[in-house]
Amino acid sequence: MGRDQGKLTPAESPSPRSGLRRRASRFFARHPGARVGAQIGAPGGWLLVVYIGSLTALIVTALYRLADDPTGLVTKLDTTIGFANFDRLISEPVYRNVALRTLQAAATVTIIDAIIAFPVAFFMGKVATPRTRRALVVAVTLPLWAGYLVKGYAWRSLLDPGGGALKQVLGHTPGFGYASSILVLAYLWFPFMVIPLFSGFERLPTSLLEASTDLGAKAGRTMRSVVLPQIVPSLVAGSIFTFSLTLGDFYMNRIVGGTTEFIGNVVYRQFSVDLPFAAAYAVVPIVIMVGYLLAVRRTGALDEL
Amino acid sequence: MYLSSFSRWMLRGFTALVLVVLYAPILYVARLSVNTSKNYAWPPRGFTFSTWNHAVHEAGPREALTHSLQTGAVATAIALVLGTLAAFALTRSRFFGRNAVNIFIVLPIALPGIVTGIALLSGFQRVGITLSFTTLVVAHATFCVVIVYNNSAARLRRLSPAVRDASADLGADGWQTFWYITFPLMRTALVAGGLLAFALSFDEIIVTTFTAGVGYKTLPLWFADNFSRPNAIPTVNVVATFVVLASIIPVWVAQRLTDSDSANR
């Protein structure tokens, strides 16, 4: 064995403790593949069995349909594989419209949050004193504990066209409908956008911004050419949250959305009536999100979630 | 970057405005919790602590709070172990298909709650598992793992491999290097990840709707039940305010820990 004379490998070092542990330690040091296997085994197995297993069950259910039952009393599944549910959700305009509206809502909420969170996160990460920064981090995280439904109902009361605070104080309220759903969802998911953006700005070296100024760039130019390209992964990471959370939401429509329906409302309503169809409709957000993740993978955003 | 004092003031003003909007509904709920009238009517009227006094003696919210704490604690504990293991495996080695694994591991939070909820329900039904505390914890742990993984992985990527090599050169085995070197360096990331995972579990309702056992009410489920009962509105406001006030402590502690950590680095 041509082993390096001066270097102590873990195996030859003094004070050998429990032999078995040493041997395991040495084995894993020499076989990185086995080490990765041992580490990924439990979490990988969990996600594979619980999550991917469940998603598969969902997709299989989507290929079933309700068995014809002349009495209309018992719901049974006809387990022959077929694409009837998918045909139905493509051909019936109501389902296409709901899907498009949900997509539009998710995009709108994401853009609103990005526009509002960008200056706030920039201020937190690059302008505020460390003391203020600490306080602001706590201030934007704390609302996450306030309860999603509680905030929803608080907004319901504020937005109420029959005497809510907005009506009485500002003289105008959007009432209950699509606009209010967008407003409240943007409000609810704001912390999920501002937190990744803040970490992005915090990591961005201040020297880079100074260099840009030294080279004669004004604030606007530095923003466009230096800050923005560096911050894209954080922006995308935030957008994954705001987009996905909106895409699957159904409670807020029931609270402030009036008659507005998103994919989630249809899935929730159909789920106790026609499970295979509900499952098929739930595949729509899966396809959208997987497509989105594949598209943004190269920005490195998945490492910033 | 040079910012004129005008731009600084604009940024400051805008941030302040955003915070006002962020807190207005929460403060409104806090104000309503000491209201004398029992509804959401504007403007709030009167001032009384009898609602708080009343809420303390109610079993429903206390039980729901306990359930939420239990679910969050168990799910977070599972997530801390599994998420950290995954972070070790995926940040310290390159292997074929690592990118695919990366997408796969973030799916539980990247896919909307309704998908996760209905998928897990179909999965449980298929193998004949009845919904219970266990199914709820399994469901919550599944998305909590991702949160812990993200925090731990971000920290591990920033740790210099030289530190581990030095530890090995000094004779430490893999376990000792983990326990004396890596673990202390990533402790704050674990606290931050664990806390965020707990917060998400604590407030989760969509996945919970589909996976909680019959009659097992977590706090969000209890809220959902009681918003439609006019008599319960004051108690709902009290409980919501209490939770926000109580959460200041863990958020602040986590912030201090993360802070002392960045000061040491």
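**Two chains, their spaces and a salt bridge**

Modeller: Chain B averages a pLDDT of 85, and 93% of its residues score at least 70. The structure is a predicted model, in which local features need pLDDT of at least 70, side-chain atom pairs count only at pLDDT 80 or more, and totals for chains, interfaces and linings use all residues, while side-chain values use heavy atoms, without hydrogens and water. Residues are numbered from 1 along each chain as its sequence is written, and chains are lettered from A and ligands numbered from 1 in the order in which they are written.

Biologist: What does pLDDT tell us, and what is the mean for chain A?

Modeller: pLDDT is the predictor's confidence in each residue, from 0 to 100. Chain A has a mean of 84, with 92% of its residues at 70 or more. For the complex, the predictor gives an ipTM of 0.87 and a pTM of 0.87.

Biologist: Where in chain A is caution needed about pLDDT?

Modeller: Over residues 1-8 of chain A, pLDDT stays under 50. There the model has nine contacts (heavy atoms within 4.5 Å) beyond four places in sequence. Where pLDDT is low, the predicted coordinates should not be read in detail. Among the elements of chain A, strand β2 (residues 77-78) has the lowest mean, 75, and helix α4 (residues 93-127) the highest, 94.

Biologist: How do you know how many helices and strands chain B has?

Modeller: Helices (H or I, at least four residues) and strands (E, at least two) are DSSP runs, numbered from the N terminus. By that rule chain B has eleven helices and zero strands. Within chain B, α11(B) has the lowest mean pLDDT, 77, and α9(B) the highest, 92.

Biologist: What makes the area between chain B and chain A count as buried?

Modeller: The size of an interface is often given as the accessible area lost when the parts come together. Buried area is what two parts lose in accessible area (1.4 Å probe) on being put together, summed over both, so the value of about 8500 Å² covers both chains. Carbon and sulfur atoms give 76% of that area. In terms of contacts, 90 residues of chain B touch 94 residues of chain A.

Biologist: Why is the space of about 1400 Å³ called a pocket, and the one of about 510 Å³ a cavity?

Modeller: On a 1 Å grid over the protein atoms alone, a cavity is a set of points where a 1.4 Å probe fits but cannot get out, whereas a pocket is an open set with protein on both sides within 12 Å along at least five of seven lines; lining residues have an atom within 4 Å of a point. Grid points are joined across faces, edges and corners, and a volume is the space filled by probe spheres set on the points. The largest pocket, about 1400 Å³, is therefore an open set by this definition. Of its 46 lining residues, the closest to its centre are I195(A), S199(A), N151(B), A192(B) and T258(B). Helix α8(A) gives the most to that lining, with nine residues.

Biologist: And which residues are closest to the centre of the largest cavity?

Modeller: The largest cavity has a volume of about 510 Å³. Of the 25 residues in its lining, W189(A), F192(A), L245(A), L200(B) and E204(B) are the closest to its centre. The whole structure has four cavities of 30 Å³ or more.

Biologist: What makes a lining residue nonpolar, polar or charged?

Modeller: Ala, Val, Leu, Ile, Met, Phe, Trp, Tyr, Cys and Pro count as nonpolar, Asp, Glu, Lys and Arg as charged, and the others, Gly among them, as polar. The lining of the largest cavity divides into 17 nonpolar, four polar and four charged residues. The lining of the largest pocket has 25 nonpolar, nine polar and twelve charged.

Biologist: Why is the pair D274(A) and R88(A) called a salt bridge?

Modeller: A salt bridge is a side-chain nitrogen of Lys or Arg within 4 Å of a carboxyl oxygen of Asp or Glu. The pair is at 3.5 Å, N to O, so the rule is met. D274(A) lies in the loop between α12 (263-271) and α13 (275-296) of chain A, and R88(A) in helix α3 (residues 84-91) of chain A, 186 residues apart. Over all chains the count comes to four salt bridges, with zero between chain B and chain A.
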